[in-house]
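Dear colleague,

Please find the structure below. My notes on its sheet and its cavity follow.

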Amino acid sequence: MSLATQRGCGGSHSKGKTLLLRKVAESSCSPADKIMISLLESPRVQSRLPWNQRSVQAIERVQDYLKERLPDGSGNYLPESITLFADPGVPEADLQSFLGGLVDYFPKELATRAERSRRFVELGLFEESEIQQFLTGHRHAQRWIIYYSTSGGLGEYKKDAFSAKADSGVVPCFRMQNHGVAWRTNGSEDNSIWLATSRRPGEGWDWDSDIGHESSHAAFAPVPLFTLPAEELTPSNGLASVRATEGLSPKHLASICYLCCELSVVAVRGERRDTESGLPVLQTSEELPVLLAICHDLMPALGFDRALDAFNRVNGVVDCNADEIFEIGSPAMRFTQSAWPQFGKFTVPGVDWFRTIPLWTEYERQPAISGKRTVNRATRS
């Protein structure tokens, strides 16, 4: 069934569609217009949000339409599944503008990931095959829902759904309540997991945060389901309270998983903020070295000690384009590569599991040369 026959599609949609089809007839259709026509002709299905059963319309397999229009195989960096959900009250013109915006946005976004991936190789942190495996090898791990709600936000959800291990629900990000991880149980430990993204209530889309950052999570750094719910975040859950790894609580371990995923995205995208550390996460000069030191104690072979050396070289202020951010992000990426199959569960693994994470790549420390460390690759175990 075409959009023209869907309930709630008014005259503005028909006029917009007619104008696009007229462009085709006049052979003046741009690539963005072509993909818009494909999306307009694709059937919308009546669906429900996984976390609150709200009735919505869905445009499925958005990634296929985007991939056809992206250059040089860069569509391989997209999440494997992208679905756009929209409230019935969202104007058709707004949806058309948003879909066209995706077409315009992703070429530069994905080109940045490809360019920065080469930096990891040039610095000797990964081989080409390893960085490509990281960026494309688990794009299926977390399907991406983009929710275009009428007024922004993820809508209503049960705050106790996670602690009760309910059949479905959502855990909002404690910093960005319009982002979250949604689930539906399947009668086993393997839950159906989605990364859920909306815009801030009452605001427009933040393309860098809502689309660039979130698509990165869905593509290569899935957010753990057991990430701390906003309601449970207290100072005692922070890593600064840890005195020894033996005292790490499940909430501490969940924070480590979440922060490593965030560092992975920050390093690959080159995100910066006007914070004390220069980063959008671990924003003070005390937080990042605490994380790196704890991770090194838990997982000494992944390279967190080199990351800590890099942090100390820059006196606590990280430049997102300098070599140090790549060194800091690399062990977090190696951890994410090994740990992501655990991220769809309600319960974070215990300390012993962290200590026995299989090595993806091993590194040997070498003397510093011109203020930088060289890397000698060990053979894979």
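In what follows, Ala, Val, Leu, Ile, Met, Phe, Trp, Tyr, Cys and Pro count as nonpolar, Asp, Glu, Lys and Arg as charged, and the others, Gly among them, as polar. This is a predicted model, in which local features need pLDDT of at least 70 and side-chain atom pairs pLDDT 80 or more, while totals for chains, interfaces and linings use all residues. Residues are numbered from 1 along each chain as its sequence is written, and side-chain values use heavy atoms, without hydrogens and water.

Cavity. A cavity is a set of points on a 1 Å grid over the protein atoms alone where a 1.4 Å probe fits but cannot get out; lining residues have an atom within 4 Å of a point. Points are joined across faces, edges and corners, and the volume is the space filled by probe spheres set on them. There is 1 cavity of 30 Å³ or more, and the largest holds about 50 Å³. Its lining has 11 residues, with Lys159, Phe162, Val170, Val171 and Pro229 nearest the centre. By class, 8 are nonpolar, 3 charged and none polar. Strand β5 (residues 168-172) gives the largest share, 3 residues.

Sheet. Strands are DSSP runs (E, at least two residues), and two strands pair if DSSP finds at least two bridges between them. The 7 strands form an open sheet in the order β1-β2-β3-β4-β7-β6-β5, with mixed pairing. β1 (45-48) and β5 are at the edges with a single partner strand each, so one side of each has no neighbour in the sheet. Strands β3 (residues 82-86) and β4 (residues 143-148) run parallel, joined by 5 bridges; Phe85 stands opposite Tyr147 in β4.

Regards

Terms used:
On a 1 Å grid over the protein atoms alone, a cavity is a set of points where a 1.4 Å probe fits but cannot get out, and a pocket is an open set with protein on both sides within 12 Å along at least five of seven lines; lining residues have an atom within 4 Å of a point. Helices (H or I, at least four residues) and strands (E, at least two) are DSSP runs, numbered from the N terminus.
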